[in-house]
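I opened my notebook to look through this structure one step at a time. Here is what I looked up, in the order I did it.

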Amino acid sequence: MNYFIVLTLTGIAAGMIYAALALALVLIWRATRIVNFAQGALAMTTTYIALAVIRATDNYWLGFAGALIAGLVLGAIAERFLVRWVENGPPLNAVILTLGLFLILEAVVPMIWGAQIRGFPAPFSIAATQIGGAFIALSPFNLFTIGVVLAVMAAMLLLFRFTSLGLRMRATAFAPDIARLLGVRVGRLLTLGWAIATLTGSIAGLLVAPTLLLYPNNMDAVLVYGFTAAVLGGLDSPVGALVGGLGIGLALSYIGGYLGGDLEAIGALVILIGILMVRPQGLFVHSAERRV
Amino acid sequence: MLEVEDLHVSYGGVTALDGVNISVPTHGITAVLGPNGAGKSTLLKSIAGLIRPRAGRVTYNGRALIGMAPEEIVRLGVSMVPEGGGVIRELTVEENLRVAQMWHRNGGDARKAIDEVMAMFPPLAARRHNAAHSLSGGERQMLAVGRALVSRAELLLLDEPSLGLAPKFVALIMQTVRKLCAERGISVLLVEQNARSALSIADKAVLLSAGRTVAARSAGELAKNEELWHAYLGY
């Protein structure tokens with residue numbers, strides 16, 4: 001029973017990270033109807049930038065902020081100068097473009113920083129703690145992870161539900177042509193959407209690195225899990241991303257704990273295939289209009 | 001107010017507009033009539049910036065519109081209501097209105113403008129917080145016209161507002177357009193398949209056929225001109 005609780009808690013902590021990456025995928029899907037396969041590689045890149053800042057300044061929080069800013073900038077550049085060219089073309093073009101960006105980032109980053117595995121600092125201990133004699137399976141860093149992701153989710157909810165910028169972003173996502181006719185500067189909002197999504201992804205990168213370490217393809221498996229979580233949630237729903245992330249985190253934790261760690265990646269793919277067969281529109285979407 | 005000169009539009013080699021000339025005066029309703037495929041909707045889309053013409057000129061109060069993005073053209077006061085209303089189905093009625101006025105950036109005025117639209121169209125007030133996909137065809141047209149009003153449009157481009165509507169809604173929409181024109185000094189360029197109802201409110205009418213302007217008369221004259229009527233409108 002104790003083991004089950006431990007697996008549940010660690011599953012939740014891991015699930016929050018998948019949820020953050022899933023949210024990034026969902027934000028881009030909503031804005032541009034593109035699955036961004038480079039999301040993981042972008043997060044890996046911003047994490048390397050964070051590490052460079054941390055080494056230069058000896059301050060974790062400056063590195064954290066650096067990764068967020070790098071995420072905003074990289075996302076905006078990716079949309080404005082790459083994705084813009086394929087947004088109105090066949091969906092496959094966009095898929096190939098994001099795969100290309102993924103390959104380029106995973107090739108360029110080791111050219112700059114080397115390909116060796118690096119440690120990445122955590123602002124809080126990553127060891128499980130004891131509080132008043134009771135063993136807690138969650139480390140302080142796990143709690144930090146959960147708190148940060150929940151804060152990001154809340155911020156997105158506030159942005160989309162209660163601000164005029166969020167309303168314009170929703171209008172753009174639902175009906176870009178009509179939004180244009182209403183005076184919404186759609187191009188800028190798409191750039192901003194990619195920037196915000198990549199920022200969200202960069203948070204996932206920062207939260208993964210202390211435990212999974214940092215190397216040029218350290219986010220590949222996380223991308224698969226995050227993508228599965230996003231599909232589980234319906235690709236269109238930020239709440240779905242959160243629930244999907246937690247579901248995948250828990251499922252993989254139980255699979256890893258009871259069946260063996262080697263089966264985690266396969267487990268995620270089995271879940272993905274299962275969702276696509278049983279409920280292809282996801283759990284949180286009423287009408288699905290999926291192009292890829 | 002709006003001048004369209006020698007406009008040519010083609011879709012991948014197929015000519016849709018082949019030298020259209022239209023002049024829309026300040027104040028008043030100009031109806032664009034013509035059979036299916038005459039290029040009526042293409043004309044409106046070209047003015048609104050949704051289609052890039054091959055040649056020709058569109059000027060609004062002296063400013064060239066061709067090459068401008070649709071979102072910038074709206075900001076000059078030219079507001080298009082696409083066929084079927086073009087409401088954003090997933091947003092609520094009020095959100096649809098708010099999106100249309102956001103770029104004005106003055107909050108107090110904005111609320112008042114939305115309340116005015118609600119007063120003008122009571123069915124919308126009842127559904128203020130419902131998603132727009134729950135609206136009937138007539139209500140969508142009301143919302144679309146209301147949206148153009150809150151954006152303080154000076155020139156309204158209406159694409160087939162009567163399409164698919166019950167006769168009583170057609171009458172209501174036409175009367176509302178007429179009223180807005182008179183009360184607020186809005187100019188309207190109205191594209192209609194339903195020539196009779198369009199002529200009933202229009203001041204001026206332009207007849208398109210096969211992408212060309214074939215006649216531009218006062219609405220009263222065109223209504224009485226049996227030759228043109230039979231040749232181009234078919235009944």
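Which share of the contacts in chain B with a separation of 6 or more comes from residues 24 or more positions apart? I looked it up, and the share is 68%. I also noted that this is a predicted model.

**Entry 1: chain B as a whole**

I began with the secondary structure of chain B, which comes to ten helices and ten strands. Next I looked at its extent: along the principal axes, the C-alpha atoms of chain B fill a box of roughly 50 × 40 × 30 Å. Then I tried the globule rule. A compact globule with 235 residues would have a radius of gyration near 18 Å, and chain B has 17 Å, so the two agree. Finally I checked burial, and buried residues make up 45% of the 235 residues in chain B.

**Entry 2: a sheet in chain B**

I followed an open sheet of six strands in chain B and wrote down its order as S6-S7-S8-S3-S9-S10, with mixed pairing. At its edges I found strand S6 (78-81) and strand S10 (212-218) of chain B, each of which pairs on one side only. From one strand to the next, the twist averages 15 degrees.

I then picked one pair inside this sheet. Strand S3 (residues 28-33) and strand S9 (residues 204-209) of chain B pair in the parallel sense, over four bridges. Which residue in S9(B) is the bridge partner of Leu33(B)? I found Leu207(B) there. I also saw helix H10 (residues 226-233) of chain B lying across S3, S9 and S10 of chain B, at about 40 degrees to S9(B).

**Entry 3: two positive phi values**

I reminded myself that most residues other than glycine have a negative phi. Two residues of chain B caught my eye for that reason.

Asn61(B) is not a glycine, yet its phi is positive, about 45 degrees. I located Asn61(B) in the loop between strand S4 (55-60) and strand S5 (63-64) of chain B. Glu160(B) has a positive phi as well, near 50 degrees. I located Glu160(B) in the loop between strand S7 (155-159) and helix H7 (167-184) of chain B.

Are these residues buried or exposed? Asn61(B) has 13 C-beta neighbours inside 10 Å, so it counts as partly exposed. Glu160(B) has 21 such neighbours, and buried starts at 20, so Glu160(B) counts as buried.

**Entry 4: where the chains touch**

How many residues of chain A are in contact with chain B? I noted 16 residues of chain A, against 19 residues of chain B. On the chain A side, helix H6 (164-174) and helix H7 (176-181) each supply at least two residues. The largest share there, six residues, comes from H6(A). By type, the chain A side divides into ten nonpolar, two polar and four charged residues.

**Entry 5: one helix of chain A**

I finished with helix H9 (residues 220-232) of chain A. Its 13 residues should span 18 Å at 1.5 Å a residue, and its end C-alpha atoms are 18 Å apart, so the helix agrees with the rule. H9(A) is mostly covered, with ten of its 13 residues buried; among them are Val222(A), Tyr225(A) and Phe227(A). I looked up what these buried residues pack against, and the list is helices H1, H2, H8, H10 and H11 of chain A. After H9(A) comes Gly234(A), with a positive phi near 100 degrees.

How values were computed. Residues are numbered from 1 along each chain as its sequence is written. Chains are lettered from A and ligands numbered from 1 in the order in which they are written. This is a predicted model: local features need pLDDT of at least 70, side-chain atom pairs count only at pLDDT 80 or more; totals for chains, interfaces and linings use all residues. A residue is buried if 20 or more other C-beta atoms lie within 10 Å of its own, exposed if 12 or fewer, and partly exposed in between; C-beta atoms are placed from the backbone. Two strands pair if DSSP finds at least two bridges between them. Axes are lines fitted to C-alpha atoms, for helices over the stretch in contact, and angles run from 0 to 180 degrees between N-to-C directions. Two residues are in contact if their C-beta atoms, placed from the backbone, lie within 7 Å. Ala, Val, Leu, Ile, Met, Phe, Trp, Tyr, Cys and Pro count as nonpolar, Asp, Glu, Lys and Arg as charged, and the others, Gly among them, as polar. The radius of gyration is taken over C-alpha atoms; the globule rule is 2.2 Å times the number of residues to the power 0.38. The expected span of a helix is 1.5 Å times one less than its number of residues.
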